[in-house]
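Grab a pencil and work through these short exercises with the model open beside you. Each task comes with a solution that goes step by step.

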Amino acid sequence: MENRIATSCPYCHDTDIQKNGFSNDGIQRWLCKTCNKSFQLAYKARKQSDSNKIYIGVALFFCLFAGIALLSGLYFLNMPDKNYSNVKADYTLQATALLAEFEKNEAKANQKYMDKVIDVNGTIAEITKDQKGATVVALRNKDAFSGVLCTLTEGSNNDIKSYAVGKPIKIRGVCTGMLMDVVLNKAVVVKE
Ligand SMILES: [Zn+2]
């Protein structure tokens, strides 16, 4: 294929042609004596196909990478909340004391409590549901504007049923800072 014998010039189609050495790829070159153009009948595509292989390899790599990223993203999105029922709390304190620390110095309290597991004892001021349907327990003193807001994990929905507004409760959750209230997420009712 590479060194087929040429019978005519591809430019002027004259048959008055002669061999004209070899290309760098070792392919027979021809010279047309009529139009004086040189040509060859095949061009090695090796370099092109090599770079195609690289492109395909890179594309496959990125597809694989994207696939793994997508799957792990889905995994983390659907991952059930970590169960803190059997985790030892980093801190145990009254809801009012936790709130007081945040009100006194929010930056310092953030540094101390952010992402930490905290057990808070408090009085239930309100039991509501958030937009996602999770149960939210507000621990506030009577007539207080702020307190500790605990978003319970789904698994705790049954545990809260035996509690009512005005009753004392101990809740364990992960502190995510202060908005209107100090916020605890992934919270569970601590049974004593
Ligand atoms: Zn020619």
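Two residues count as in contact here if their C-beta atoms, placed from the backbone, lie within 7 Å. With that cut-off, residues 24 or more positions apart account for 50% of the protein's contacts with a separation of 6 or more. Keep in mind that this is a predicted model.

**Exercise 1.** Work out whether the protein is a compact globule or more spread out.

*Solution.* Start with the elements: there are 3 helices and 9 strands, running β-β-β-α-β-α-α-β-β-β-β-β along the sequence. The radius of gyration is 38 Å, while the globule rule gives 16 Å for 192 residues, so the protein is more spread out than a compact globule. Next, look at the C-alpha trace, which spans about 110 × 35 × 30 Å along its principal axes. Finally, buried residues make up 23% of the 192.

**Exercise 2.** Find the largest nonpolar core and explore the surroundings of Val148.

*Solution.* This core has 29 residues, and Val148 is among those with the most contacts inside it, as are Leu98, Val120 and Leu139. Elements giving two or more residues to the core include α2 (95–104), β5 (117–129) and β7 (148–152). Now skip the neighbours within four places in sequence: Val148 touches Ala95, Leu98, Leu99 and Val120, among others.

**Exercise 3.** Sort out the sheet made by β1, β2 and β3.

*Solution.* The three strands form an open, antiparallel sheet in the order β1-β2-β3. β1 (17–22) and β3 (38–40) each have a single partner strand, so one side of each is left without a neighbour in the sheet. The twist averages 35 degrees from one strand to the next. Zooming in, β1 pairs with β2 (residues 28–32) over 4 bridges, and Lys19 has Trp30 in β2 as its bridge partner.

How values were computed:
Residues are numbered from 1 along each chain as its sequence is written. This is a predicted model: local features need pLDDT of at least 70, side-chain atom pairs count only at pLDDT 80 or more; totals for chains, interfaces and linings use all residues. The radius of gyration is taken over C-alpha atoms; the globule rule is 2.2 Å times the number of residues to the power 0.38. A residue is buried if 20 or more other C-beta atoms lie within 10 Å of its own, exposed if 12 or fewer, and partly exposed in between; C-beta atoms are placed from the backbone. A nonpolar core is a set of buried Ala, Val, Leu, Ile, Met, Phe, Trp, Tyr and Cys residues joined through C-beta atoms within 7 Å. Two strands pair if DSSP finds at least two bridges between them. Axes are lines fitted to C-alpha atoms, for helices over the stretch in contact, and angles run from 0 to 180 degrees between N-to-C directions.
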